[in-house]
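User: I am new to reading protein models. Can you explain the terms as we go?

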Amino acid sequence: MNNKTNTILLAASCFTLGAFTFKIAEAKISVAMLQQAQNIIGLNFTNAELDSATAELEDFKNGYERIRKVTLKNDVAPAIVFNPIPVGFKWPKEKEKFKVEMPKKLKLPVNREDLAYYTIPQLAALIKTKQISSEELTTFYLSRLKQYGPTLECVTTLTEELALQQARQADKEIKAGKYKGLLHGIPFGVKDLLATKNYKTTWGAAPYKDQQIDLDATVVERLQNAGGVLVAKLTLGELAMGDVWYGGKTKSPWDLSKGSSGSSAGSASAVAAGLLPYAIGTETLGSIVSPSTACGTTGLRPTFGRVSRHGAMALSWSMDKIGPITRSAEDAAIVFNAIYGPDGKDQSVYDAPFNYNTKLDAKKLRVGYLKKDFERKYGFQENDQATLEVLRKAGIELVPIELPDLPVNDLILTISVEGAAAFDELTRSGKDELLKQQHKGAWPNIFRAGRFIPAVEYLQAQRVRTLLVQQMQEKLKDVDVYISPSFGSSNLVVTNLTGHPCVVVPNGLQKNGMPTTITFIGKLFGEAETLALAKLYQDLTPHEEKHPTAYLSKK
């Protein structure tokens with residue numbers, strides 16, 4: 001290494017590169033070091049000013065060493081909680097009864113394979129009327145997971161013993177007249193960054209592939225309390241990015257030569273292939289929207305602060321969100337109704353009602369759309385324009401709106417800083433070299449680079465984020481929901497930073513046979529209205545009823 005490199009490393013105090021771990025520098029901080037360091041962050045202090053700062057920086061450096069001796073597990077959050085609520089914002093206080101219609105006179109299909117693509121209400125109707133038992137349904141999905149899971153590389157762990165135990169318990173309860181609701185006896189899977197007792201929680205990464213966390217994440221616990229049957233832990237791109245994990249690359253069931261995108265890779269792939277009725281995913285910056293697009297599923301990314309992240313791997317404390325990946329918007333509503341709300345463990349969660357029911361008329365909603373984004377040339381434009389036309393023909397007036405004009409892409413440094421903190425020990429220990437992805441855009445490099453982002457610049461970015469939150473409130477004052485291209489727009493970045501909810505739904509196929517999607521965005525805590533509009537669109541179109549067949553060709 002040259003002198004300049006050594007100087008930068010000393011100024012940064014600690015940095016890991018490949019197999020070499022640099023500890024706190026023994027040498028005293030000098031003006032020469034600080035001259036090099038300030039070049040990295042675009043400052044221009046005089047030599048006298050830098051000299052005056054050296055003693056203070058030595059104190060800081062010694063403090064870093066003492067702080068690093070404190071054990072900080074991934075589940076320890078910073079004493080700073082992101083607040084997505086703009087000044088003047090209010091949510092409804094009254095909680096209405098959740099209601100979804102269950103199909104009447106539904107019969108068990110002659111071809112049992114048809115069950116693979118039944119919705120939650122359809123499966124619930126069969127279970128409630130005792131045409132099929134939870135144990136039979138669970139065995140059916142376990143069989144499909146065993147048959148097609150290896151091809152899609154979408155499963156890390158089958159929880160078969162637990163699943164059969166839970167299914168039998170559900171059958172006993174239902175037989176005794178203790179029916180808990182639409183999820184009772186229905187199998188589900190979770191992204192393998194959610195903790196589950198007695199089963200590994202691998203985070204998709206080799207350094208953690210044998211990790212066991214002795215608790216059930218709040219989301220897992222709530223689904224099980226609703227009578228759900230956990231059948232599988234599903235793949236995610238390592239440490240929640242992409243579709244490459246320690247065991248391989250998760251595939252889209254529409255084309256096995258293509259990845260399922262990420263990071264909720266296995267959740268989307270399994271649901272799309274009919275290996276599960278629904279699964280749980282997470283999103284920080286597209287990890288529900290992107291795999292739902294690659295796999296043709298419906299995904300709900302709730303408002304930040306809606307669903308407890310207790311027991312979930314932390315990547316970015318101020319941006320991580322948990323939501324369902326399903327066959328339809330109504331299925332997403334059913335699952336969300338079971339998992340939202342405070343648990344007393346995740347202090348970021350708000351107690352706001354979710355008023356989704358049959359009284360909500362989507363045609364009465366005020367609907368906006370990102371007119372300029374839809375007019376630009378991009379890959380899904382033809383299908384997206386057809387979506388807008390379907391809604392117009394249904395009598396919905398689409399109001400043009402625009403997103404705030406702020407440097408939102410630059411605020412993505414939030415993930416670099418918070419991720420670097422969440423996995424600081426991994427970086428400093430040198431174990432980051434065990435991760436499968438080692439290119440410039442992979443976590444090892446991102447976490448190292450995050451070490452060079454000054455705390456002041458991180459906080460300045462969060463102040464701009466506050467402006468973004470406030471400006472979004474102003475932009476959405478005249479609409480209840482708006483429509484955006486899933487990609488080819490700044491919307492995905494903006495709304496992940498502000499914490500607005502989104503529902504992504506299939507809206508056609510590309511020429512290569514891969515699915516496309518469109519995104520519905522709600523106001524903060526406006527999941528009910530957003531899901532209602534998405535359901536209306538799905539009632540008017542057949543796209544969510546189209547299923548892949550490529551995965552069937554290789555058993």
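Analyst: What follows is a set of short questions and answers about this predicted model.

User: Why is Trp203 called buried?

Analyst: Buried means under 20% relative accessible area. Trp203 has 6% relative accessibility, so Trp203 counts as buried. Its place is in the loop between β4 (187–191) and α7 (218–225).

User: What makes the phi of Trp203 worth a remark?

Analyst: Most residues other than glycine have a negative phi. Trp203 is not a glycine, yet it has a positive phi of about 60 degrees. Ser261 also has a positive phi, about 65 degrees, and is not a glycine. Ser261 lies in the loop between β9 and α8.

User: What joins Gly262 and Ser263?

Analyst: A cis peptide bond joins them, with omega about 5 degrees. Most peptide bonds are trans. Ser263 is placed in the loop between β9 (255–259) and α8 (265–272).

User: How do you know that Cys295 is in no disulfide?

Analyst: A disulfide needs two cysteine sulfur atoms within 2.5 Å. A search of the whole structure finds 0 disulfides. For Cys295, the nearest cysteine sulfur is that of Cys154, 9.2 Å away. That distance is beyond the cut-off, so Cys295 is in no disulfide. Cys295 is also buried, at a relative accessible area of 0%.

User: And what about Cys502: how far away is the nearest cysteine sulfur?

Analyst: It belongs to Cys295 and is 16 Å away, and Cys502 is in no disulfide. Cys502 counts as buried, at 1% relative accessibility.

User: Why is the contact of Lys251 and Glu153 called a salt bridge?

Analyst: A salt bridge needs a side-chain nitrogen of Lys or Arg within 4 Å of a carboxyl oxygen of Asp or Glu. The closest N and O atoms of Lys251 and Glu153 are 2.3 Å apart, so the pair passes. Lys251 lies in strand β8 (residues 251–252), and Glu153 in the loop between α5 (134–152) and β3. The pair therefore ties together parts that are 98 residues apart in sequence. The structure holds 23 salt bridges.

User: What makes Asp192 and Lys233 a salt bridge, and are they buried or exposed?

Analyst: Their closest N and O atoms are 2.8 Å apart, so the pair meets the 4 Å limit. Asp192 is buried at 0% relative accessibility. Lys233 is buried too, with a relative accessible area of 0%.

User: How do you know that Arg366 is partly exposed?

Analyst: Partly exposed lies between the limits of 20% and 50%. Arg366 has a relative accessible area of 39%, so it is partly exposed. Arg366 forms a salt bridge with Asp480, the closest N and O atoms being 3.2 Å apart.

User: Which strands stand at the edges of the sheet of 11 strands, and why?

Analyst: The sheet is open, with mixed pairing. β3 (155–158) and β14 (398–400) stand at its edges. Each has a single partner strand, so one side of each is left without a neighbour in the sheet. The twist averages 30 degrees from one strand to the next.

User: Why do β11 and β16 count as paired strands?

Analyst: Two strands pair if there are at least two bridges between them. β11 (residues 298–301) and β16 (residues 502–509) have 3 bridges, so they pair, in the antiparallel sense. Leu300 stands opposite Val503 in β16.

How values were computed. Residues numbered from 1 in each chain as written. Predicted model: local features only at pLDDT ≥ 70, side-chain atom pairs only at ≥ 80, totals over all residues. Heavy atoms only, no water. Helix = DSSP H or I, 4+ residues; strand = E, 2+ residues; numbered from the N terminus. Buried < 20%, exposed > 50% of the residue type's maximum accessible area, 1.4 Å probe, protein only. Axes fitted to C-alpha atoms, helices over the stretch in contact; angles between N-to-C directions.
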